Every structure is written in structure tokens, then in C-alpha cells.
Amino acid sequence: MFRPISGLQSKLTDSSIRYVTTVFCYGCNLRATQAARSLPGTSRRDFEWINQHHITETALQEASALVVNAYHQFQLPKLWGSGEHASADGTKWEMFENNLMSEYHIRYGGYGGLGYYHVSDKYIALFSHFIPCGVWEAVYILDGMLQNTSDIQPDKLHADTQGQSAPVFGMAYLLGIELLPRIRNWQDLQFFRAQKTDTFENIGGLFKGNIDWELIETYLPDLLRIVVSIKLGRISAATVLKRLSRFNRKNKVYQAMRELGLAVRTIFLLRYISDPQLRVGIFRETNKSEQFNNFVQWSFFGGEGMVQTHHRDMQRKLIKYNLLVANCLVFHTVYLLTRQIRELEARGQEVPEEVLKHLNPYWMGHLNRFGRYDWEVGRIPDPLIFNYKG
């Protein structure tokens with residue numbers, strides 16, 4: 001996946017080793033100088049040159065997709081999920097306050113940016129964004145599904161309150177994505193009737209209005225053209241949602257998208273309050289995103305876990321570097337678990353699937369982040385010299 005951006009053949013010696021160490025350097029936030037001191041035969045200039053001239057955001061995403069495809073072949077993750085579900089959630093990354101790209105996050109507190117991740121129900125991450133703190137996360141929730149090129153292609157998407165809105169429900173429906181979020185204070189949302197004359201005996205108090213089907217029908221051709229453009233990659237879903245939200249009182253296309261979303265969200269909320277299994281499934285999948293957020297920040301241990309660069313393109317690359325490292329660790333853990341299970345079975349000790357279903361690859365006890373040190377106790381140190389003259 002990594003090659004010179006110029007398109008020419010790489011002239012690096014031991015290019016594979018250099019690429020791996022560069023991913024380790026930036027993915028764990030070690031920074032080039034510190035990584036060169038810890039890895040013999042490397043230099044700061046090597047890391048910076050390869051990062052600038054051989055590795056792009058697209059290449060990092062392709063490399064991560066390759067890891068996901070290999071992970072998808074393991075038997076163990078099939079016990080954890082079907083691959084039909086994914087959850088999206090953001091976590092704040094610390095940044096310097098005087099960084100022009102940094103914003104203050106009201107919910108998390110402090111200055112920084114948001115790493116926004118789409119995590120499969122099989123526990124491996126499919127896509128990542130680096131977005132400002134002040135943006136509503138739902139604007140970017142569909143891009144991760146559409147730009148995911150791995151073999152795991154979910155069509156059911158979970159999120160928290162920040163990952164949903166009425167227009168997003170409408171656009172997800174037109175794109176064939178079933179949005180199933182965990183909404184805080186859902187009882188405060190308005191339910192909408194299909195027709196003004198509809199009455200309900202027991203739940204009538206939930207409904208506050210009715211859907212304007214005429215508005216949806218009038219602008220449905222425009223909505224479909226937008227969706228086709230998104231599917232063809234001519235424009236991103238985030239760009240459309242941001243543009244449509246401007247001057248939304250006058251934008252009839254936005255109003256039609258929102259009206260469709262209100263209808264879809266009402267159907268979802270009715271399912272949510274009547275189906276306990278749906279609620280259990282939503283909480284289970286969104287909890288996987290919370291676990292991944294902790295795991296991905298644990299792997300970004302260098303530099304006190306702070307994104308220290310001031311360049312937005314490098315900030316996005318750091319998040320994708322880190323995602324690649326986290327996915328490699330998940331892959332490695334599942335490989336070790338598979339090997340241990342096979343060794344137990346070879347000794348006649350079968351492990352029931354009911355037990356294996358409760359495992360997950362975010363275990364950290366077997367991972368050593370800080371290297372291995374050999375102590376030379378018998379070495380006699382040089383004599384101490386206290387005077388710098390004579």
C-alpha cells in the first residue's frame with residue numbers, strides 16, 4: 001500500500017521495515033526523534049521523509065482495509081457479530097490551545113479535536129475521521145459507511161445522540177442504511193402521525209404533529225439525485241448535509257429531507273419503545289465503540305496522548321496511523337486467542353462457544369508498549385569526572 005507519491009518505484013533499502021517502523025512511530029505518537037533513539041538503524045529524517053513522500057491518507061485507509069479483510073477470515077470474530085452492524089462514536093484528542101485547528105469541547109472539556117470511528121460488531125474499526133469539536137457528529141456518520149472498502153459491509157448503523165438528526169435519518173433511509181441510534185432523552189422527541197386524522201388509543205399523547213407527504217413527493221426527485229451523486233462519489237454526504245442545513249427555513253430540499261427523516265425516526269422510536277431486544281442490541285453495539293475509544297487512545301501513548309502537530313492534513317493522518325496500529329493489535333490478539341484455543345483442543349480441552357462469545361480483542365495485558373530492557377548488572381561504570389578542566 002505504501003509507495004512513492006510520485007508513482008516511481010521505491011529506491012528505499014529494506015522498505016518494508018522502514019514502512020512498519022514509520023507506522024509504529026506515528027501510530028503510537030512517539031514522534032520521529034524519540035522513535036529514532038529507540039530503533040537502531042533509523043533516523044528522524046527517515047521517518048519524516050517516508051511520512052511525507054511515501055504514505056498518504058488513502059494508503060493508510062487501504063492498509064487498514066487489508067488488515068480488516070484478513071481479520072474477517074478468522075472464525076472467532078464470527079461469534080461476536082455478523083458484520084451487518086456497525087457503531088459510530090467520537091472521542092476527543094487533546095491539542096494545544098494555541099492551535100488554530102483546536103476547538104473547545106463543551107461536553108468533554110478542554111481543547112482538541114474529535115476522532116470519529118466506525119467500529120464493526122466484530123470489534124474491528126472500519127473507518128476514521130478527524131473532525132472539529134464544534135460540529136454535530138451526525139454530519140459525518142454516513143461517510144464512514146460509504147467510504148469503507150473492506151469486505152465487512154454493514155447496513156445497520158448505531159450511534160449515540162450526537163450521531164442522529166432528522167435529515168440524517170432521511171438520507172440514511174435513501175442510501176439503504178438502517179440508522180439505529182441510542183438517543184438520550186428520547187421521550188422528549190416528537191412523534192409524527194402519518195395522517196392528521198389518525199388517532200391512537202393508548203399512545204396518542206406521544207404524537208405532536210403529522211408528516212407533510214406532499215412536500216416529500218414534490219422534492220423526491222431532487223433527493224434521489226443527491227443520493228445518486230453521493231453513491232457515485234461525486235460529493236460526500238457530509239458536504240450535502242452541511243450545505244442543506246444552511247438557511248434551512250428557505251431550503252425546500254432540506255425541509256423535504258427533514259420531513260422524510262421525521263417519518264423514519266418516528267417508526268424507529270415506536271420500535272425502540274416496544275422491542276426490548278432491539279434496545280439490548282443497540283446498547284451492546286454502542287458499548288463496543290466505547291471500548292474501542294479507550295483501546296485506541298491506550299495505543300496512542302507517546303507524547304502524553306496529545307496531537308501536537310498544527311497541520312490539519314497531518315492531524316488526519318495521525319488518526320489513520322493510529323487506527324492502523326489499533327487494528328493490527330486487534331488482529332494480533334485474535335490470532336493469539338485462536339492459537340491458544342487450538343492448543344487447548346489438541347490437549348482434549350474443548351472451549352464452549354458460549355464462553356468464547358464473551359471474549360473480546362481489546363485485552364491489553366499481553367501487550368508491551370514500552371519495549372524490553374536488558375540490565376547489565378556486572379558492567380563496571382567509568383570513573384566519575386567532576387572537573388570539566390584539567
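**A surface patch, a nonpolar core and two cysteines**

On the surface, Phe370, Tyr373, Trp375 and Val377 form a nonpolar patch, and together these four residues present about 640 Å² of accessible area. The structure described here is a predicted model. Within the patch, Val377 lies in the segment that follows helix H12, which runs over residues 353–356. Val377 has a relative accessible area of 77% and therefore counts as exposed, the threshold for that class being over 50%.

As to the overall architecture, the secondary structure of the chain consists of twelve helices and nine strands, and the C-alpha trace spans about 100 × 60 × 45 Å along its principal axes. The accessible surface of the chain amounts to about 21,900 Å², and carbon and sulfur atoms account for 52% of this area. Of the 390 residues in the chain, 46% are classed as buried. When contacts between residues at least 6 apart in sequence are considered, 69% of them join residues that are at least 24 apart.

The interior was examined next. The largest nonpolar core comprises 107 residues, of which Phe2, Ile141, Leu142, Leu157, Met171, Phe268 and Phe292 touch the most other members. Helix H11, formed by residues 312–346, gives the most to this core, contributing twelve residues. For Phe268, one of the residues that touch the most other core members, the surroundings can be listed individually: once neighbours within four places in sequence are set aside, Phe268 is in contact with Phe169, Leu179, Leu180, Pro181, Ile183, Leu278 and Ile282.

The cysteines were considered with regard to disulfide pairing. With a cut-off of 2.5 Å between cysteine sulfur atoms, the count of disulfides comes to zero. Cys25 takes part in no disulfide, and the nearest cysteine sulfur to that of Cys25 belongs to Cys28, at a distance of 8.9 Å. Cys28 is likewise in no disulfide, its nearest cysteine sulfur being that of Cys25, 8.9 Å away. Because the pairing criterion requires sulfur atoms within 2.5 Å, the separation of 8.9 Å excludes a disulfide between Cys25 and Cys28 in this model. With regard to solvent accessibility, Cys25 has a relative accessibility of 0% and so counts as buried, while Cys28, with a relative accessible area of 5%, is also buried, since the limit for this class is under 20%.

Key:
Residues numbered from 1 in each chain as written. Predicted model: local features only at pLDDT ≥ 70, side-chain atom pairs only at ≥ 80, totals over all residues. Heavy atoms only, no water. Patch = residues over 30% accessible without salt bridge, like charges linked within 9 Å, V, L, I, M, F, W, Y side chains within 5 Å. Areas by Shrake-Rupley, 256 points an atom, 1.4 Å probe, with all protein chains shown as cover. Salt bridge = Lys/Arg side-chain N within 4 Å of Asp/Glu carboxyl O. Helix = DSSP H or I, 4+ residues; strand = E, 2+ residues; numbered from the N terminus. Buried < 20%, exposed > 50% of the residue type's maximum accessible area, 1.4 Å probe, protein only. Core = buried A, V, L, I, M, F, W, Y, C linked by side-chain atoms within 4.5 Å. Contact = heavy atoms within 4.5 Å.
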